[in-house]
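Hi,

Here is the structure I promised to pass on. Could you have a look at it when you get a moment? My notes follow right after it.

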Amino acid sequence: VFGARASWTDILRHDLPPAFDALKLAAREVGSIQIQNRGTIAGNLCNASPAADGVPPLMVLDAQVELASATGTRLLPLSDFILGNRQTARRPDELLVALRVPRASTEGASHFLKLGARRYLVISIAMVATRIALDEDGRIAEAAISVGACSAVAQRLRRLETALIGRQQGADALDAVSDCTFDELTPIDDVRASAAYRRRAAAEITRRALAATSDALTRAGGTGARAAA
Amino acid sequence: MSMERIPISLEVNGHAVTAEISPVTRLSSVLRDNFGLTGTKLGCDAGDCGACTVLVDGEAVCACLVPAAEAGGKHVRTVEGLSNGALSALQSSFLRHGAAQCGICTPGFLVAASALLEDNPSPDEQAVMDALGGVLCRCTGYRKIIKAVMDAGMPPCRRVLATTRPLSAPRPSASTGCRKCLAPTGSAPMNGPKTRSASPWSDRRTGMPSSLR
C-alpha cells in the first residue's frame with residue numbers, strides 16, 4: 001500500500017521487492033530531484049497525463065486506487081481509474097487516498113525505460129514498464145508490459161504478454177517482441193515526436209526493457225525470488 | 001486569489017522569521033518580497049527551470065511549487081545561507097571555474113549542488129549530473145558547472161585542472177599529487193602567485209606554459 005502523499009523520493013528510499021524496480025526507476029526520472037522531493041504518486045495519477053511516468057510501472061503491478069469520500073471508499077483498477085487524457089473516474093467529492101498492489105502481482109523482476117529528448121525535466125516520447133516472473137523450468141510464467149505516451153492512457157500489451165508466456169528468456173522472448181505489431185498503441189504526431197517514430201521507439205525500448213528484466217532475474221537466481229512485501 | 005491572510009513562522013538561514021501572508025502564496029515570493037532574499041530567482045514558476053531551488057529541511061525543492069504556509073515550522077536555506085561571511089568552498093569553486101555567465105541560474109545550481117555535497121562530498125560526474133539535472137542554464141553549457149561541483153570537495157592537489165584535462169581522465173591520486181601542488185623543481189608555476197589563483201581569469205592572465213593548455 002502506498003499512501004497518496006508518498007513522494008517519489010519516499011518511494012526511492014523505501015526497501016521494496018524487485019517487482020517494484022520499474023516504479024523506482026520511474027521515480028528517478030520524474031521531473032528532477034526538486035520535483036521528486038515534492039511530487040506525489042497520487043498527483044501523478046490524478047493529473048492523468050498520457051505521459052505520466054508513474055502509470056506504466058503501476059500498471060504492471062496491477063495497482064488499484066483507493067478513492068474515499070464522505071459516503072465511503074471504493075477500489076478501482078488503475079486502468080479503470082484513468083479514462084483519457086486528463087480524465088479520471090474520480091468524482092468531485094472524492095480523494096485518492098492510497099494505492100494498493102495485490103501480493104500476487106509482486107512476483108518476479110521489473111524494469112522501466114523512458115525515452116525523452118534529455119534525461120531530466122523532460123516529457124516522455126515513449127516509455128515502457130515490464131515485469132516478468134519465471135516458472136520452475138525457467139520459462140516465462142507471468143508477463144506484464146505497459147507502454148505509456150503512445151496512447152491517451154498507458155496500456156498493457158495483452159497480446160505480447162500472451163505471446164511471451166511459456167517462452168525462454170533471451171532470444172526466444174525477444175522474438176516475440178519482433179513479431180509484435182504493437183497494434184494496441186495509438187501514438188500521436190506532436191512537437192516531441194511523430195507517431196511512426198513513437199511506434200518504433202516503443203518496440204525498441206520494450207525489447208531493451210525485457211532484456212534488462214531478464215538480466216535482473218538471472219542475477220536474482222533464475223526463478224525470481226518470491227516477493228516478501 | 002482572495003484568501004484570508006495567516007501568520008507563518010519558519011526558520012530561514014538559521015534565523016526565526018514570521019510573515020503574514022495568503023496561505024497559497026509561493027514560498028519563492030515570500031522569500032523575495034517579505035524577507036528581501038532576492039538571491040532566490042524566479043524563472044518559470046512551474047518547476048521546470050530550478051532557478052528558485054531552496055532547501056526545505058535539507059531537501060532541494062523548487063520554492064515556486066511550495067505554498068508558503070507549508071513551509072511553516074520548517075528550516076529553509078537559500079543561496080544567501082550558503083556563505084558565512086566568506087564564500088563557501090562550492091562558491092569559490094564556481095568562481096575558479098568561471099561557472100556562471102548571466103547568473104540567473106547560479107543560485108539554483110549552488111543550492112542543488114550543496115544538497116548533493118552534504119550527502120556525498122566527492123560525487124562522481126553522474127551523481128553531479130543527477131543532482132543538477134533540475135536546473136536549466138542557457139548560457140554556459142553545464143561543463144564548467146559540473147567541474148566546479150566535482151572540484152568543490154577536493155583539496156587543491158586533487159582538483160580538476162580547469163582547462164587542461166577532460167573530465168573523463170583519471171584524477172591524480174593523493175599519493176602522487178598533481179602538477180599544481182607537486183610540480184617538478186624548476187618548472188613554471190601553473191597559475192602564477194598563489195594569491196591570484198582565486199580569480200577565474202588567472203589562467204588567461206598569467207599565461208600558462210603552452211604545453212599545459
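Charges in chain A come to 28 positive and 25 negative side chains. If you average the positions within each set, the two centres end up 7 Å apart. Please keep in mind, here and below, that this is a predicted model.

On the fold of chain A, the count is nine helices and ten strands. Its radius of gyration is 17 Å, close to the 17 Å that the globule rule gives for 229 residues, so chain A is as compact as a globular protein of that length. Should you want to set up a box, the C-alpha atoms of chain A fill one of roughly 50 × 45 × 30 Å along the principal axes.

Burial and contacts in chain A come next. Of its 229 residues, 53% count as buried. Taking the contacts in chain A with a separation of 6 or more, 62% of them are between residues 24 or more positions apart. The area that chain A exposes is about 10,200 Å², and carbon and sulfur atoms supply 51% of that area.

Now to where the chains meet. Chain A brings 14 residues to the contact and chain B brings 21 residues. Between them, about 1,300 Å² is buried, with carbon and sulfur atoms giving 46% of this area. Which residues of chain A lose the most area to chain B? They are A:Gln34, A:Arg38 and A:Leu121, and together they make up 46% of what the chain A side buries.

Finally, two backbone details in chain B that you may like to check by eye:

- B:Asp57 has a phi near 50°, which is a positive value in a residue other than glycine. This residue belongs to the loop that links strand E3 (53–56) and strand E4 (59–62) of chain B. Is B:Asp57 buried, exposed or partly exposed? Its relative accessibility is 42%, so B:Asp57 counts as partly exposed.
- B:Tyr142 also has a positive phi without being glycine, with a value near 75°. You will find B:Tyr142 in the loop between helix H4 (125–132) and helix H5 (143–152) of chain B. With a relative accessibility of 22%, B:Tyr142 counts as partly exposed; the cut-off for buried is under 20%.

That is what I have for now. Happy to talk it through whenever suits you.

Best wishes

Technical notes:
Residues numbered from 1 in each chain as written. Chains lettered and ligands numbered in written order. Predicted model: local features only at pLDDT ≥ 70, side-chain atom pairs only at ≥ 80, totals over all residues. Heavy atoms only, no water. Helix = DSSP H or I, 4+ residues; strand = E, 2+ residues; numbered from the N terminus. Rg over C-alpha atoms; globule rule 2.2 N^0.38 Å. Buried < 20%, exposed > 50% of the residue type's maximum accessible area, 1.4 Å probe, protein only. Contact = heavy atoms within 4.5 Å. Areas by Shrake-Rupley, 256 points an atom, 1.4 Å probe, with all protein chains shown as cover. Lys, Arg positive; Asp, Glu negative; His and termini not counted. Charge placed at Lys NZ, Arg CZ, Asp CG, Glu CD. Buried area = accessible area lost by both parts, 1.4 Å probe.
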